[in-house]
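Student: Could we go through this model together, with the criteria behind each value spelled out?

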Amino acid sequence: MTIDLDRAYWLGLLVSVVLPVLVGLVTTRVTNAGVKAVLLLALSVITGFVTEYAGPHDAGYSVGTAAVLALVSFATGVLSHFGFWKPVGVSGKAQDSFVKAA
């Protein structure tokens, strides 16, 4: 079995893995988890649509493909957050990076 994906799709997948860290950088520890989830969803939708725009278009731009890419991006972001970034402590360090001592 050969996997043949364009670079844009691989880049979109890589961005999806890093999105939870980006959410951690722009939020604080006391930010409601629902707000963080909505922010991750919004960034995932943007990632999905931009990835489809940057990808090859033999048949033209597909909103359906962009929506699927957005769902994959969101799922990848959630899974990478709970499976990798949070246990390692990167999420907490990202949220503490802009906190100043009072």
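The turns below take up the helices, their packing and the pockets.

Tutor: This is a predicted model, in which local features need pLDDT of at least 70 and side-chain atom pairs count only at pLDDT 80 or more, while totals for chains, interfaces and linings use all residues. Residues are numbered from 1 along each chain as its sequence is written, and side-chain values use heavy atoms, with hydrogens and water left out.

Student: In what order do the elements of the protein run from the N terminus on?

Tutor: Helices (H or I, at least four residues) and strands (E, at least two) are DSSP runs numbered from the N terminus. On that basis the protein has four helices and zero strands. The order of its elements is therefore α-α-α-α.

Student: How are α1 and α2 oriented to each other?

Tutor: Axes are lines fitted to C-alpha atoms, for helices over the stretch in contact, and angles run from 0 to 180 degrees between N-to-C directions. The axes of α1 and α2 are 10 Å apart, and the packing angle is about 155°. Angles under 35 degrees count as roughly parallel, over 145 as roughly antiparallel, 65 to 115 as roughly perpendicular and the rest as oblique, which makes α1 and α2 roughly antiparallel.

Student: And how are α1 and α3 oriented to each other?

Tutor: Helix α1 (residues 7-26) and helix α3 (residues 63-88) have axes that come within 7 Å and cross at roughly 45°. The crossing in which α1 passes α3 is right-handed (the near helix is turned clockwise from the far one by less than a right angle). Given the angle, the two helices α1 and α3 are therefore oblique.

Student: How do the residues of the contact of α1 with α3 divide by class?

Tutor: Contact means heavy atoms within 4.5 Å, and by that criterion residues of α1 including Leu 13, Val 17 and Pro 20 meet residues of α3 including Leu 69, His 81 and Trp 85. Ala, Val, Leu, Ile, Met, Phe, Trp, Tyr, Cys and Pro count as nonpolar, Asp, Glu, Lys and Arg as charged, and the others, Gly among them, as polar. The division is eight nonpolar, six polar and no charged.

Student: With which residues is Leu 43 in contact, leaving aside its neighbours within four places in sequence?

Tutor: Leu 43 has its place in helix α2, and it is among the residues of that helix that meet α1. Its C-alpha is 8.8 Å from that of Ser 73, although the two are 30 residues apart in sequence. With those sequence neighbours set aside, the contacts of Leu 43 are Leu 19, Leu 22 and Val 23.

Student: Which element gives the largest share of the lining of the largest pocket?

Tutor: A pocket is, on a 1 Å grid over the protein atoms alone, an open set of points where a 1.4 Å probe fits, with protein on both sides within 12 Å along at least five of seven lines, and lining residues have an atom within 4 Å of a point. The largest pocket holds about 390 Å³ of space (grid points are joined across faces, edges and corners, and the volume is the space filled by probe spheres set on the points). Of the 20 residues that line it, those closest to its centre are Lys 36, His 81, Phe 82, Ser 91 and Gln 95. The largest share, six residues, comes from α3.

Student: How many charged residues does the lining of the second largest pocket have?

Tutor: The second largest pocket has about 170 Å³ of space. Tyr 9, Gly 12, Leu 13, Leu 69 and Val 72 are the closest to its centre of the 13 residues that line it. By class, this lining has six nonpolar and seven polar residues, and the charged ones number no residues.
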